[in-house]
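Subject: Structure handover

Hi,

Here is the structure I promised to pass on. My notes follow below it.

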Amino acid sequence: TTAPVTVAVTGAAGQIGYSLLPRIASGAMLGPDTPVRLRLLEVPAARAAAEGVAMELDDCAFGLLAGVEVGDDAATAFEGADVALLVGSRPRTRGMERKDLIAANGAIFTAQGRALADHADDDVRVVVVGNPANTNALIAATHAAGLPARHFSALTRLDHNRAVAQLARRAGVPVTAVRGVTVWGNHSATQYPDLGAATVAGRPAPEVVGDPSEGTGWVAGTFVPAVQQRGAAIIEARGASSAASAASAVVDHVRDWFLGTPEGTWTSMAVVSDGAYGVPEGLVCSFPVTTRGGEWEVVPGLRLDAAARAGLERSVAELEAEREAVRALGLL
Ligand code: NDP
């Protein structure tokens, strides 16, 4: 058997954490042969609740779970971590302005970036889930001196999975028949889910959904807004934000990052731009990527139609505005 992989999860007592931790401990994220050691990080006020989650993990008697530790100190939680899932973040509360939100999270992700650099394994892979996820990832990567920025990412896999599911449902096929979907931009309502290169059972997706002319029918009128607004629709229906699906997306993101995207397709992941597709260098932006062994490559050479190009530009403008707000606070 292999040595246990150490996985640190922040915001462990939150609702995503509650759905995520059993999936990791069951082997869904790193495979059925890899034991995991979990480190649950919470703020002091939620520490007792995290202890309760750890008790439930014990009670699941997972064969792959090599240990669970709970704490409120980032240095301890990140010590030797191979994977860090930064789920916890400060939610926007009533009367809070955007800049207050960025300031509150800026402080958290500055400290966590430093703690990762000082304590995590040099080869750690980091996934930021807590919002504003892309910008929080940028802050953490910037303050993690010595750790490669390529090893930081933000989660857009839930948006990607939503897009795949909507397309499959429309086409009346299983999700496994869908390939080549991309989510571009920020993990926010400005993201652009793009079917331009997608296929359904090998046929071009726009043709299959009866919308071959760029951006006029089902794609622009129904699909794009449905994916962009899906989070709000879940809150409306459930009375709480998506948790099981967000957790499942984290599992997919990390599994594919390490074990590889399937042959002949790609996934979406927010990573540090090297200027690909005209996205300014250094922004953490969602791209189409292939992955394997903890590395990623942006899929080159995709043709963006006018709607996709405009959507990406709008989302990139939002990412630039967030980066400016963070700079103005002296956090970059
Ligand atoms: P959730 O577990 O529901 O969500 C956690 C974060 O994930 C939020 O920022 C949320 O953003 C974000 N998120 C990103 N993508 C999605 C998505 N697609 N769907 C839903 N959420 C998404 O939040 P809870 O409030 O239940 O739990 C957060 C926990 O984090 C709390 O227990 C808190 O104590 C802890 N925390 C820990 C910190 C630390 O360890 N240092 C720091 C701050 C908080 P959004 O708010 O926009 O929905």
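Two strands pair if DSSP finds at least two bridges between them. Helices (H or I, at least four residues) and strands (E, at least two) are DSSP runs, numbered from the N terminus.

The model is predicted: local features need pLDDT of at least 70, side-chain atom pairs count only at pLDDT 80 or more, and totals for chains, interfaces and linings use all residues. Residues are numbered from 1 along each chain as its sequence is written.

Strands now. One open sheet has three strands in the order 7-10-11, with antiparallel pairing. Strand 7 (178-179) and strand 11 (203-204) are at the edges, each with a single partner strand, so one side of each has no neighbour in the sheet. Strand 10 (residues 199-200) is joined to strand 11 by two bridges. There, Thr 199 stands opposite Pro 204.

Strand 12 (residues 267-272) pairs antiparallel with strand 13 (residues 284-292) through six bridges. Val 271 faces Cys 285 across that pair. Six of the six residues in strand 12 are buried (20 or more other C-beta atoms within 10 Å of their own, C-beta atoms being placed from the backbone).

Next, the ligand. Its shell holds 28 residues, counted when the C-beta atom, placed from the backbone, lies within 6 Å. Gly 11, Gly 14, Ile 16, Gly 88 and Asn 131 are the closest. Helix 1 (residues 15-26) gives the largest share, three residues. Domain 1 (5-154) and domain 2 (157-321) both contribute to the shell, so the ligand lies between them. Those bounds come from an automatic or database domain assignment.

Best wishes

Conventions: Buried ≥ 20, exposed ≤ 12 C-beta atoms within 10 Å, placed from the backbone.
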